[in-house]
Amino acid sequence: MAITDSKGRWLDVWVFFCLPLMVVIHLDGISAQIRYSIQEELKSGTVVGNVAKDLGLDIGRLAERNLRVVSGTKQDLFKMNAREGLLIVEKRVDREELCAKTAPCVTNLKAVVENPLEMHQVIIEILDVNDNSPKFPEENYTLEVLESAVVGSRFQMEGAHDLDVGVNSLQSYKLNHNPYFRLETEESGEDGKIPFLILQRPLDREQAAEHWLLLTATDGGKPSKSGKINITVIVSDVNDNSPVCERQKYTITIKENAPAGTSLLAVNASDSDEGMNGEIEYSLRGKLRGMSTDPFELDSRTGKLTVKGGLDYEEKQVYEIKVLAADRGAVSLSTHCNVIVRVEDVNDNQPEIEITSLSSRIPEDAPPGTVVALMGVTDLDSGVNGQVVCSVPGHLPFDLKPSHDGQSYSLVTKDYLDKETIHMYDITITAKDLGSPTLSSTKVIHVDVLDVNDNRPLFTESPYTFYVPENNKAGMSMFSVSATDADGGENAAVTYYLERKSAGHTVTSFLNINEENGTISALKSFDFETLKNFHFHVVASDSGTPSLSSNVTVNVFILDQNDNAPVILYPVSSNGSAEGVEEIPRNVNAGHLVTKVRAYDADIGYNGWLLFSLQEVTDHSLFGLDRYTGQIRTLRSFTETDEAEHKLIILVKDNGNVSLSATATVIVKLVEPKEAFAASDVKSSTKADEDNNVTFYLMITLGSVSALFLISIVVLISMQCSKSSPDYTSKYLQETNYDGTLCHSIQYRSGDKRYMLVGPRMSIGSTIVPGSHANTLMLPDRRRTSEEVRLFLDFD
């Protein structure tokens, strides 16, 4: 049995060291490489993976083929269940013991089977768990501070150390609340966060000789772990200068085979004090109590750091040494100088990437699989240290295709590109060797995505609505439309033109558009009284090939301006001027209607609301003018002393912002009663002739209205029988009592009440504002003769 075990061990040694040499000659010996990830601190017996299944081995022949794993290290952390082909944990796996701060932590095994003899590489990645709390080198720390220290002085503390890595490592420090000190931290590479105490108010030793602080270090694990250190601050009034390191951090690299006695560097600190207070002694401080600083020695007088021996890259790659520089004063002051010693492995050649062919401009419609670049990879190392694997970030739409010999790669697209989303890529090619530890190099390839015209111009609004005042200046720009194209270059250059077919030639014939910026101008001035609104279509087209376009509807509303002066309808003389003569008896009483001035304004709203006023009158006590109706009435009876002829100039103006007006002249002549009656008879006869001419037309109109009335009665009776509801009818009537201003009247009925709205000529957009009692119209209800409805109206 002993002979058999001895033969097995020799066979394992031969497999681990000699078989790779044979693999170089005959590559069929290595069939596969498998990789597992496990957490540290797993219990013994935990299954890592089914090696036999993953390698495709026949489970029935496992015992015959003697499946086993060879680690090649001093301690066997894993073992193989030869019967089932399972790789299980043999001993406690401590990631910190295996890899310290190295990430990722990987251990390599060789899976060996016989008959025929094969060797497969098994890579196991050890994942960190938060099993270590941050620890300070000591539980208690004494800091001596001069009472003469100025506010803002910084005191570096010894930081905590967490053996975990990543988020489980040390993340933050917290200082208990106190009035004298606050906490700041600085990043220091491998040291991580270094805590500093900052003095924030002057110290007074006579008032308080000591201060007690509590500093807590917390990691980022879930749940988090923490460590604490009690800091005693002693206020001293002597030796007021601490040693100062020439450099805050010393970094040195040395090969792992450096002999004992090799000089690394000399730590140098200076103290501006004199005598014993300026003499400095150096000493090594481990990060944790009891941690050895081997394999280094430090000369306490000169600060020279030398190698004592025992460097081993596989055991530790970086040494973080704290050198305490303290003066020899009665109350010694000190500072820490940080020394980083990096141990260099013999695997000192990184893989090299050589780009042999590159297409740095790829169209965005290039199909997946388009070749972007060809590259070769080399590594001057040998064995597994010279085997290289290349990769690209997985989130990029690119992939690497290796050649059959693994010495070259093709960079290809794995999806369609979109220039509007990402217009360029900096692709990082990472080459890693299979040595331990792994060395890698990167090469960045810049690829620009060429634009393809695949986006139509889009208008910022749809539809557009604009309001343009009338009387605009012909040729001036009124408004503009805008469209954007997500493409770039010529594909995004947008031109504008009017779509004349859909809008009609009559509208677009007086419009012009700037094809570059979309500014639209009118070739003529608009008149609200002629054209109130119109619409047309604008087309935005890009300059791509083929060109893409889109259109939008533009609605334009013309705003009324006060550009029409009132027109006098009465009085009007035979030559067309607004003049008239009125004869009235001398014996009329006060309130007698002399005449009524009638006027018209083509504008609407306030611009068309007319008011009358007496601009000039010979006697203000005789005549009065109604400002709304234009009626002229006598204010008193005439006397013998009153003149026989009076001249009245009536001013008619609208209510626009810039008011327009017209004037009418009325000559009032006072005649004796007999003459007045004669003139009245002449007017009556003239009116009778006019009435006779109208009678015929009235008869025809009455006959038509009667027929329509009978039809309406029948329809209303049938509706009332089928449906009983309040009577909501509306009817537009021309006011019979003409009040001097051309106006519109709207009469409507709601239930038992009838309303009539009377005002100047209005159109859609006019506003009736309540609150004025200027015009009052009383309408009797034909169904209720005793009820009257009063409506007070204001007109815009």
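Q: Does Asn115 count as buried, partly exposed or exposed?
A: In this predicted model, Asn115 is found in the loop between strand S6 (105–113) and S7. Its relative accessibility is 45%. Buried residues lie under 20% and exposed ones over 50%, so Asn115, at 45%, counts as partly exposed.

Q: What is the phi of Asn115, a residue other than glycine?
A: Asn115 is found in the loop between strand S6 (105–113) and S7. Its phi has a positive value, in a residue other than glycine. The angle for Asn115 is near 60°.

Q: Where is the place of Asn471?
A: Asn471 also has a positive phi, near 65°, and is a residue other than glycine. At 41% relative accessibility, Asn471 counts as partly exposed. Its place is in the loop between S33 and strand S34 (477–480).

Q: Which residue of S7 is the bridge partner of Gln33?
A: Gln33 belongs to the uncovered face of strand S1 (residues 33–39), together with Arg35, Ser37 and Gln39. The covered face of S1 holds Ile34, Tyr36 and Ile38. S1 pairs with strand S7 (residues 118–127) in the parallel sense over seven bridges. In S7, the bridge partner of Gln33 is Gln121.

Q: Which residue in S29 does Leu374 stand opposite?
A: Strand S26 (residues 371–378) pairs in the antiparallel sense with strand S24 (residues 352–358) over six bridges, and Leu374 of S26 is there the bridge partner of Ser357. S26 also pairs with strand S29 (residues 408–413), again in the antiparallel sense, over five bridges. In S29, Leu374 stands opposite Ser410.

Q: Which residues does Thr253 touch, not counting residues up to four places away in sequence?
A: Thr253 lies in strand S16 (residues 249–255). At 45% relative accessibility, Thr253 counts as partly exposed. Beyond four places in sequence, the residues that Thr253 touches are Arg342 and Glu344.

Q: How many Å apart in space are Thr253 and Val318, C-alpha to C-alpha?
A: Thr253 is part of strand S16 (residues 249–255). In sequence, 65 residues separate Thr253 and Val318. In space, C-alpha to C-alpha, the separation is 9.1 Å.

Q: What is the order of the four strands that form an open sheet?
A: The pairing in this sheet is mixed, and neighbouring strands are turned by 30° against each other on average, direction ignored. S33 and S36 are the edge strands, each pairing on one side only. The order is S33-S40-S39-S36.

Q: Which residue in S40 stands opposite Tyr464?
A: S33 and S40 run parallel, and six bridges join them. At Tyr464, the residue standing opposite in S40 is Val554.

Q: How many residues does the largest nonpolar core have?
A: In soluble globular proteins, nonpolar side chains tend to be buried together. In this model, strand S33 (464–469), strand S36 (494–499), strand S39 (533–542) and strand S40 (549–559) are among the elements that give two or more residues to the largest nonpolar core. Phe459, Val481, Tyr496 and Val538 are among the residues with the most contacts inside it. The number of residues in this core is 27.

Q: Which residues of S40 (549–559) are in contact with Val538?
A: Val538 is among the residues with the most contacts inside the largest nonpolar core. Leaving aside neighbours within four places in sequence, its contacts include Phe459, Val481, Tyr496 and Ile520. S40 spans residues 549–559, and the contacts of Val538 within those numbers are Ser550, Asn551, Val552 and Val554.

Q: What is the omega of the cis peptide bond that joins Ser462 and Pro463?
A: Pro463 lies in the loop between strand S32 (458–459) and S33. The bond that joins Ser462 and Pro463 is cis. Its omega is about -5°.

Q: Where is Pro571 found?
A: The peptide bond from Tyr570 to Pro571 is cis, with omega near 5°. Pro571 is found in the loop between strand S41 (567–570) and strand S42 (579–585).

Q: What pLDDT does the chain average?
A: Over residues 1–29 the pLDDT is below 50, and over residues 723–796 it stays under 50. Of the residues in the chain, 80% score at least 70. The average pLDDT of the chain is 78.

Definitions and conventions: Residues numbered from 1 in each chain as written. Heavy atoms only, no water. pLDDT = per-residue confidence, 0-100. Contact = heavy atoms within 4.5 Å. Buried < 20%, exposed > 50% of the residue type's maximum accessible area, 1.4 Å probe, protein only. Pairing = 2+ DSSP bridges. Core = buried A, V, L, I, M, F, W, Y, C linked by side-chain atoms within 4.5 Å. Axes fitted to C-alpha atoms, helices over the stretch in contact; angles between N-to-C directions.
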